[in-house]
Amino acid sequence: MPSDQTDPTPQPAPAPAAEPVQVSQPAERPLLSLHAFTVLLGAAGIGATAGFLMFAQSHSVTGAMAAGGGAFLLSVPALHKLIG
């Protein structure tokens, strides 16, 4: 038998290689920017301090919450301008 003869039985075609599925994930973005986090953290500290001082003076929870909330709301735009 000569060595250059081919086998008469057909061979099955090789299956194409499966490519890995790439799932596109959204870009990792922080919930808040560093500027926004700093402003809100500073405003929360100012509001908590104002509320604590009001509660220490008057022993009124509602007055302390009003003073703390007011200080927080007023300090957010001020800190935004100051830090920005």
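Here a colleague asks a modeller about the terms used for this predicted model.

Colleague: What should I keep in mind about the numbering and the values?

Modeller: Residues are numbered from 1 along each chain as its sequence is written. The model is predicted, with local features needing pLDDT of at least 70 and side-chain atom pairs counting only at pLDDT 80 or more, while totals for chains, interfaces and linings use all residues, and side-chain values use heavy atoms, with hydrogens and water left out.

Colleague: How do you know how many helices and strands the protein has?

Modeller: Helices are DSSP runs of H or I with at least four residues, strands are runs of E with at least two, and both are numbered from the N terminus. By that rule the protein has two helices and zero strands; L40 lies in helix α1, residues 34-58, and S75 lies in helix α2, residues 61-83.

Colleague: Why is S75 called buried?

Modeller: Buried means under 20% relative accessible area, exposed means over 50%, and partly exposed is in between, with a 1.4 Å probe and protein chains only. S75 has a relative accessible area of 7%, so S75 is buried. Buried residues make up 11% of the 84 residues in the protein.

Colleague: What does S75 touch, apart from residues up to four places away in sequence?

Modeller: Contact means heavy atoms within 4.5 Å, and with those sequence neighbours left out S75 touches A43 and I46. Among contacts in the protein between residues at least 6 apart in sequence, 64% join residues at least 24 apart.

Colleague: What makes the approach of the S75 side chain to the backbone oxygen of A71 a polar contact?

Modeller: A polar contact is a pair of N or O atoms within 3.5 Å; within protein, one must be able to donate a hydrogen and the other to accept it, and residues adjacent in sequence count only if both atoms are side-chain atoms. The side chain of S75 reaches the backbone oxygen of A71 at 2.9 Å. S60, placed in the loop between α1 and α2, offers further examples: a polar contact of 3.3 Å joins the side chains of S60 and T62, and the side chain of S60 reaches the backbone nitrogen of G63 at 3.2 Å.

Colleague: Why is S60 called partly exposed, and why is H59 called exposed?

Modeller: S60 has a relative accessible area of 25%, and is therefore partly exposed, whereas H59 has 60% and is therefore exposed. H59 is also found in the loop between α1 and α2, and has a positive phi of about 55° although it is not a glycine.

Colleague: What makes L31, L32, L34, F37, L40 and L41 a nonpolar patch?

Modeller: Patches are made of residues with over 30% relative accessible area and no salt bridge (a side-chain nitrogen of Lys or Arg within 4 Å of a carboxyl oxygen of Asp or Glu), where like charges are joined within 9 Å and nonpolar side chains (Val, Leu, Ile, Met, Phe, Trp, Tyr) within 5 Å. L40, one of these residues, is partly exposed because its relative accessible area is 36%. Together the six named residues have about 670 Å² of accessible area, an area that comes from the Shrake-Rupley method with a 1.4 Å probe, where for residues only the protein chains shown count as cover.

Colleague: How do you know how the protein compares with a compact globule of 84 residues?

Modeller: The radius of gyration is taken over C-alpha atoms, and the globule rule is 2.2 Å times the number of residues to the power 0.38. A compact globule of 84 residues would come near 12 Å, but the protein has 35 Å. Along its principal axes the C-alpha trace spans about 110 × 30 × 15 Å. The C-alpha atoms of A15 and V76, 61 residues apart along the chain, are separated by 63 Å; A15 lies in the segment before α1.
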